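Student: Could you take me through a close look at a single part of this model? Please keep to one place and build outwards from there.

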Amino acid sequence: MLLPVASGSTPGCRGPDGRGGVVIGMTRRQFVLASALAASGVQASRSTPIVDTHQHLWDLKRLSLPWLPTSGPLAGDHRLEDYIREADGLGITRTLYMEVDVAPEQHEAEAAYALERCGAPGSPMIGAILGGRPDSPDFEAYVTRFRRELRVRGLRQVLHSAATPQGHCLQPAYIAGIRLLGRMRLVFDICLPAPFLDDARQLADACPDTRFVLDHCGNPNVQEGPADSWRRAIDAVARRKNVACKISGIVATARRGAWAAEDLAPFIEHCRAAFGPDRILFGSDWPVCTMVASLREWVTALQRIVAGWPDDERRKLFSQNAVRWYGLSRLLSGSAA
Ligand SMILES: [Zn+2]
């Protein structure tokens, strides 16, 4: 069962726990939201079904997250039912699980956790980007385990920590691992600090047969505005045709309680101009976005920013590019179920 595509005529899935009052055709919350969106002129863009290519989940009974704060919005469990509740009425029809930086010894447990949720009844999740260490000696054995698993669409290692300084992903063993992903038709999501963006360019050059997704618009800081150095680095990465850009994550760097869609727009428009309409795709980065914005606030802000784009460009951003870049068509047709 899917989440409701629009605020229209079907109640859709209310989540596994079945809670929530559904009135005929539209919940009260959907009605209020639809009214607000219509008033703000973004109603038309809401009819675009959304594929969320960056959905985190964690259940601390199953996985331990060494980096997780003990207080604040990210503390505690963030489960699929929480996401479904928060996504209610937003038009998110499909999602991809994004790895959550567990310790390497938990990568297989994380993969099992994610794949259990792909295609389960009531789940919008259809595939996963798993965690891994491309430069580890057992990487080939690890990733080959998923060779026949169509629901595994890619791999990521966050390159933010002290253990992964600038240049880490350019070492020969790392490049060999990323080339292997290309041979396996798996995407590498590259997530690094903005000052390291040239690493992404060099890695893309070194691995021309691997598809990349640059996470979070290259991780600029919204509060600082779009720096010239970020713009130039994005332009250079975008010239590599094997890289797409994920429109995600940036809201988490905005000022909590004092941000507006207009603060995000220059970053998104620059990525659109650099990568073009066929290589940008949406990700929620939930629940990380909730450090600053609810899922609803982020999606609504993005819809407002792109409200003036041509319909076909909005469809590419919100779903079509994700299907093409991550190779989701067989999953969507159900042939892999
Ligand atoms: Zn994330």
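Tutor: Start at L264. Leaving aside neighbours within four places in sequence, L264 is in contact with V222, I250, V251, A301 and I305. Keep in mind that this is a predicted model.

Now look at the wider setting. The largest nonpolar core has 91 residues, and L264 is one of those that touch the most other members. V237, C245, I247 and C271 are also in that group. Helix 9, residues 261-275, gives the most to this core, with 7 residues.

Go back to two of the contacts of L264: A301 and I305. Both are among the buried residues of helix 10. The others there are L295, W298, V299, T300, L302 and Q303. Helix 10 spans residues 295-305, and 8 of its 11 residues are buried, so it is largely enclosed by the rest of the structure.

For comparison, turn to strand 1, residues 50-55. Here 6 of the 6 residues are buried, so strand 1 too is largely enclosed by the rest of the structure. Strand 1 pairs with strand 2, residues 92-98, in the parallel sense over 4 bridges. One bridge joins I50 to I92 in strand 2. With helix 3, residues 80-86, the two strands make a right-handed β-α-β unit.

Last, take L68, in the loop between strand 1 and helix 3. L68 counts as partly exposed because it has 16 C-beta neighbours inside 10 Å, and a buried residue needs 20 or more. Not counting residues up to four places away in sequence, L68 touches L74 and A75.

Note on methods:
Residues numbered from 1 in each chain as written. Predicted model: local features only at pLDDT ≥ 70, side-chain atom pairs only at ≥ 80, totals over all residues. Buried ≥ 20, exposed ≤ 12 C-beta atoms within 10 Å, placed from the backbone. Core = buried A, V, L, I, M, F, W, Y, C linked by C-beta atoms within 7 Å. Contact = placed C-beta atoms within 7 Å. Pairing = 2+ DSSP bridges. Right-handed = clockwise from strand over helix to strand, strands pointing away.
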